[in-house]
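This report describes one protein chain for a reader who is new to structural work. Please keep the sequence and the three-dimensional view at hand while reading.

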Amino acid sequence: MINHGFVYGQDPAFSKNSIKIGLGVGSSMGNKTDGGGFVYAVGYQREIWKDRLRLNPNFTIGHYSSKFILDVRDQYFNSINIETNLYYDLIRIKSFSLVLGCGGLVNNSRGLKGTGGDPDGYTEPPTSEYISDFHYAGYLGGGLRINPPSKRIAINIMPINLHFGNNYFAEFHAKIELDFKF
């Protein structure tokens, strides 16, 4: 028998689990905080229905400042979120999907309000103060998912990520995320 050097294979089988990491830019506003900055996310993801619905518990941290806002005091704060989101592929064409997401989160925004800046309506000399606020919030998001079935990595381009909650809490981000399949 002659071997002609042919190799036969099959597509790799990935599990329904993945690690999701993300990086974004946006803004955070609360009862005592306003600023722009970067957000970083890491979490676990599990496909739960027909390769179209995914559950994603995750941890995000944002670093913000009021550097580019003219009418507020200097602020430097972190926004820490523990989230659980569901993502659904609304429309899928081959490897591309239009993704919608919703979920809930708990947030802690903490940092420092300084003495600089130009706050409106402030009659007394400002003093530095420490901030720590807790919020309960919802999540709405949308974007594009690129998920080649034979590749280990899926890419999520999410221009809409909105957190909204109590005490005037809101965050808006545009993010790029990578899903590393097991």
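In which sense do β1 and strand β8 pair, and over how many bridges? The two strands pair in the antiparallel sense, and twelve bridges join β1 to β8, which covers residues 170-181. The model under discussion is a predicted one.

**Strand pairing**

Within the pairing of β1 with β8, V25 stands opposite A174 in β8. On the pairing of β1 with β2, the model shows 13 bridges, and these strands too run antiparallel. The two form a hairpin, with four residues between them. Two facing positions can be located in this hairpin: S18 stands opposite Q45 in β2, and G24 has V39 in β2 as its bridge partner.

The residue V39 also leads on to the next strand, since V39 stands opposite G62 in β3. Eleven bridges connect β2 and β3, again in the antiparallel sense. These strands form a hairpin with three residues between them, in which K50 takes a positive phi near 45 degrees.

**Salt bridges**

The count of salt bridges in the model comes to eight. Three of the pairs are set out below.

| Pair | Closest N to O distance |
|---|---|
| D133 and K32 | 4.0 Å |
| D89 and R54 | 2.9 Å |
| D89 and R92 | 3.7 Å |

The salt bridge of D133 with K32, at 4.0 Å, links distant parts of the chain: D133 belongs to strand β6 (residues 129-146), K32 belongs to the loop between β1 (17-29) and β2 (34-49), and 101 residues separate the two in sequence. Is D133 buried or exposed? Its relative accessible area is 13%, so D133 is buried, the limit for this class being under 20%. K32, by contrast, has a relative accessibility of 40% and therefore counts as partly exposed.

D89 takes part in a salt bridge with R54 and in another with R92. In the pair with R54, D89 lies in strand β4 (residues 73-93) and R54 in strand β3 (residues 53-65), so the salt bridge ties together parts that are 35 residues apart in sequence. Both D89 and R54 are buried. The relative accessible area of D89 is 2%, whereas R92, with 33%, is partly exposed.

Which residues are joined into one network by salt bridges that share partners? They are K20, R145, K175, E177 and D179.

**The nonpolar core**

The largest nonpolar core is made up of seven residues: Y87, V99, L105, A137, Y139, M158 and F169. The elements that give two or more residues to this core are β5 (96-117) and β6.

The contacts of the core residue M158 may be examined next. When neighbours within four places in sequence are left aside, M158 is in contact with Y87, V99, Y139, G141, G142, G143, H173, A174, K175 and E177. Among these contacts of M158, Y87, V99 and Y139 are themselves members of the core. K175 and E177, also in contact with M158, belong to the salt-bridge network. A174, another contact of M158, is the residue that V25 stands opposite.

**A residue of strand β5**

V106 lies in strand β5. Its relative accessible area is 39%, so V106 falls between the limits of 20% and 50% and is partly exposed. Not counting residues up to four places away in sequence, V106 touches I80, N81, I82, H135 and Y136. The C-alpha atoms of V106 and G165 are separated by 9.3 Å, while the two residues are 59 residues apart along the chain.

**The nonpolar surface patch**

Nonpolar residues also appear on the surface. I48, W49, L55, L86, Y88, L90, I91, I93, L98 and L100 form a patch there, with about 860 Å² of accessible area together. Which strand gives the most to this nonpolar patch? That strand is β4, with five residues. At least two residues of the patch come from each of β2, β4 and β5.

I93, one of the patch residues, has its place in strand β4. With a relative accessible area of 58%, I93 passes the limit of over 50% and is therefore exposed. D89 lies in β4 as well, yet D89 is buried, with a relative accessible area of 2%.

Conventions:
Residues are numbered from 1 along each chain as its sequence is written. This is a predicted model: local features need pLDDT of at least 70, side-chain atom pairs count only at pLDDT 80 or more; totals for chains, interfaces and linings use all residues. Side-chain values use heavy atoms; hydrogens and water are left out. A salt bridge is a side-chain nitrogen of Lys or Arg within 4 Å of a carboxyl oxygen of Asp or Glu. Buried means under 20% relative accessible area, exposed over 50%, partly exposed in between (1.4 Å probe, protein chains only). A nonpolar core is a set of buried Ala, Val, Leu, Ile, Met, Phe, Trp, Tyr and Cys residues joined through side-chain atoms within 4.5 Å. Contact means heavy atoms within 4.5 Å. Patches are made of residues with over 30% relative accessible area and no salt bridge: like charges are joined within 9 Å, nonpolar side chains (Val, Leu, Ile, Met, Phe, Trp, Tyr) within 5 Å. Accessible areas come from the Shrake-Rupley method with a 1.4 Å probe; for residues, only the protein chains shown count as cover. Two strands pair if DSSP finds at least two bridges between them.
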